[in-house]
Amino acid sequence: MSTVTPLPVPDAPLEESGARGLRTYEVRTFGCQMNVHDSERLSGSLEAAGYAPADGREADVVVINTCAVRENADNKLYGTLGRLAGVKRRHAGMQIAVGGCLAQKDKQTVLDRAPWVDVVFGTHNLGALPTLLERARHNDEAQVEILESLDVFPSTLPTKRDSTHSGWVSISVGCNNTCTFCIVPTLRGRERDRRPGDILAEVRSLVDDGAVEVTLLGQNVNSYGVEFGDRLAFGKLLRAVGSIDGLERVRFTSPHPAAFTDDVIDAMAETPTVMPQLHMPLQSGSDRVLRAMRRSYRSARFLGIIDRVRAAMPDAAISTDIIVGFPGETEADFAETLRVVEEARFASAFTFQYSIRPGTPAADMADQIPKAVVQERYERLTALQDSISASENAAQVGRRVEVLVSAEEGRKDAETHRFSGRARDSRLVHVELPAGRSAPRPGDVVTVDVTGAATFHLLADASPGSVFDVRRTRAGDAWDRAEAASCGVPASGADSTRASGTSRVSLGLPTLRVSTTPIYDTDDDLR
């Protein structure tokens with residue numbers, strides 16, 4: 001599907017853009033980790049086409065990569081577009097592009113509601129963005145191009161990374177499940193698996209560029225292999241990725257409980273580089289609700305998987321997703337969810353209030369739950385999970401942990417004289433820098449003693465007798481090179497000879513990546 005619409009004439013005089021030379025861009029990402037990964041591809045495609053990042057300035061091109069999972073996603077998109085309309089009126093030559101799941105769903109509706117948008121593209125043609133932008137500018141007409149099936153596997157596109165030490169590696173796209181609340185299979189299509197050799201080549205390239213951590217990414221990662229008929233493929237892939245020299249941490253997200261097999265647990269436990277962490281969506285603790293959701297497992301199976309993971313990896317931190325207020329959920333059903341949460345003892349949980357998504361079977365179900373009831377249950381669930389998270393974190397006090405330092409995890413690091421990163425089990429740790437010590441680089445690994453805990457993080461404060469050991473890594477060296485390249489100055493250290501060749505864009509294989517923790521929108525009213 002491809003359409004054009006004449007762009008409206010601005011109703012106020014246009015100011016000249018302050019940009020000189022290359023046109024600048026900004027990509028704004030709403031939604032899940034799949035969208036974050038797609039945004040890396042969008043940035044890479046734009047830079048390969050000659051655009052430059054705006055780096056905090058007002059961009060000539062604003063790209064919004066959208067989510068369609070919850071109702072709030074619609075409100076956030078069109079609210080953002082409304083604010084950008086005023087910016088565009090005074091910014092000569094500015095373009096706005098909308099892509100991702102909501103664009104795939106709404107298509108022409110985006111232009112009907114926001115006619116100042118220049119380009120609408122979907123989930124299957126990310127690489128077409130630069131061409132669509134140029135066509136819209138040349139023809140002075142909005143471009144809508146939505147494909148109904150995958151054009152090019154996203155991992156073959158140029159990629160712009162924002163982190164040197166860790167990153168996503170997509171192993172599949174799409175989903176073959178039919179969960180009644182989810183619109184993702186409609187928007188991203190049926191599952192397509194990458195060839196194992198392509199995945200391993202991408203990981204090796206990433207490690208060669210300095211990364212020490214990867215997260216294998218897919219809508220249902222543990223159904224990997226369904227396309228080529230190998231039910232044990234994911235466990236084999238974990239072992240193969242984990243054996244790559246120089247790679248220190250392997251994670252994956254998100255597995256489906258129905259497809260979770262013991263060979264995967266064995267691979268996790270027997271591969272030292274696979275981290276003791278599992279994010280596995282529960283959605284509901286009620287078997288009746290799970291049946292209505294078309295989730296092909298029951299609570300006993302879910303808890304059995306957790307028991308077997310903990311038997312094989314006693315220190316594993318397990319997190320989950322839970323939906324509150326699914327149509328027809330009774331108080332007894334909700335009590336079952338509370339029971340499973342109590343038994344599972346999740347380290348953390350992303351809890352969501354059910355919202356109607358047009359086009360899903362659940363949207364037309366009877367017995368939609370009143371908002372006030374959903375809110376009350378949501379508050380009870382989050383209170384329970386917060387208390388469990390606080391208790392589980394408190395149990396970490398006194399333990400010695402290895403923290404992979406990040407540049408972006410701690411929002412208050414400067415004022416608290418701390419730096420932040422993730423332990424092996426993915427818990428967030430804020431570390432106090434001892435007096436007289438130099439700060440480690442992002443990508444370095446620091447061994448510390450946990451001295452305190454809160455609901456959502458651990459503390460490692462400097463104290464007499466506490467450990468503070470820094471291991472400088474290739475990832476830290478890569479950080480130095482990237483910083484030197486961005487400033488136009490030589491890098492120091494063992495790998496300085498590579499500084500002049502450092503590139504922020506790769507053609508199909510990654511050089512830089514983003515943080516690998518599960519990503520959800522922290523600015524809305526849902527956790």
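**A walk through the predicted model**

The structure shown is a predicted model. Its protein chain has a mean pLDDT of 85, and 84% of the residues reach 70 or more. Residues 8–20 are a stretch where the pLDDT is below 50. Beyond near neighbours in sequence, that stretch has 21 contacts in the model. Residues 488–527 also stay under 50 in pLDDT, and for them the model has 122 contacts beyond four places in sequence. Where pLDDT is low, the predicted coordinates should not be read in detail.

A place to begin is strand S4, which covers residues 61–66. How many of its residues are buried? The count is 6 of 6, and the strand is described as mostly covered. The covering applies to both faces of S4. On one side lie Val-61, Val-63 and Asn-65, and on the other lie Val-62, Ile-64 and Thr-66, all of them buried.

S4 also has strand partners. Strand S2, residues 24–29, is joined to S4 by 5 bridges, and the two run parallel. In this pairing Tyr-25 stands opposite Val-61 of S4. Strand S5, residues 95–100, is joined to S4 by 6 bridges, again with the two strands running parallel. Here Val-61 stands opposite Gln-95 in S5. Val-61 thus appears in both pairings, opposite Tyr-25 and opposite Gln-95.

Further along the chain is another sheet. It is an open sheet of 7 strands with mixed pairing, in the order S21-S22-S19-S18-S17-S20-S23. Which strands form its edges? They are S21 (452–453) and S23 (468–471), each of which pairs on one side only. The edge strand S23 is joined by 4 bridges to S20, residues 445–449, and these two run antiparallel. Within that pair, Val-448 has Phe-468 in S23 as its bridge partner.

The last stop is a pair of helices. Two packed helices are described by the angle between their axes and the distance between the axes. For helix H8 (residues 233–242) and helix H9 (residues 262–270), the axes come within 8 Å and cross at roughly 10 degrees. Because angles under 35 degrees count as roughly parallel, H8 is roughly parallel to H9. From H8, the residues Phe-234, Gly-235, Leu-238 and Arg-239 take part in the contact. They meet Asp-263, Val-264, Asp-266, Ala-267, Met-268 and Glu-270 in H9. Sorted by class, the contact between H8 and H9 holds 5 nonpolar, 1 polar and 4 charged residues.

Note on methods. Residues are numbered from 1 along each chain as its sequence is written. This is a predicted model: local features need pLDDT of at least 70, side-chain atom pairs count only at pLDDT 80 or more; totals for chains, interfaces and linings use all residues. Side-chain values use heavy atoms; hydrogens and water are left out. pLDDT is the predictor's confidence in each residue, from 0 to 100. Contact means heavy atoms within 4.5 Å. Buried means under 20% relative accessible area, exposed over 50%, partly exposed in between (1.4 Å probe, protein chains only). Two strands pair if DSSP finds at least two bridges between them. Axes are lines fitted to C-alpha atoms, for helices over the stretch in contact, and angles run from 0 to 180 degrees between N-to-C directions. Angles under 35 degrees count as roughly parallel, over 145 as roughly antiparallel, 65 to 115 as roughly perpendicular and the rest as oblique. Ala, Val, Leu, Ile, Met, Phe, Trp, Tyr, Cys and Pro count as nonpolar, Asp, Glu, Lys and Arg as charged, and the others, Gly among them, as polar.
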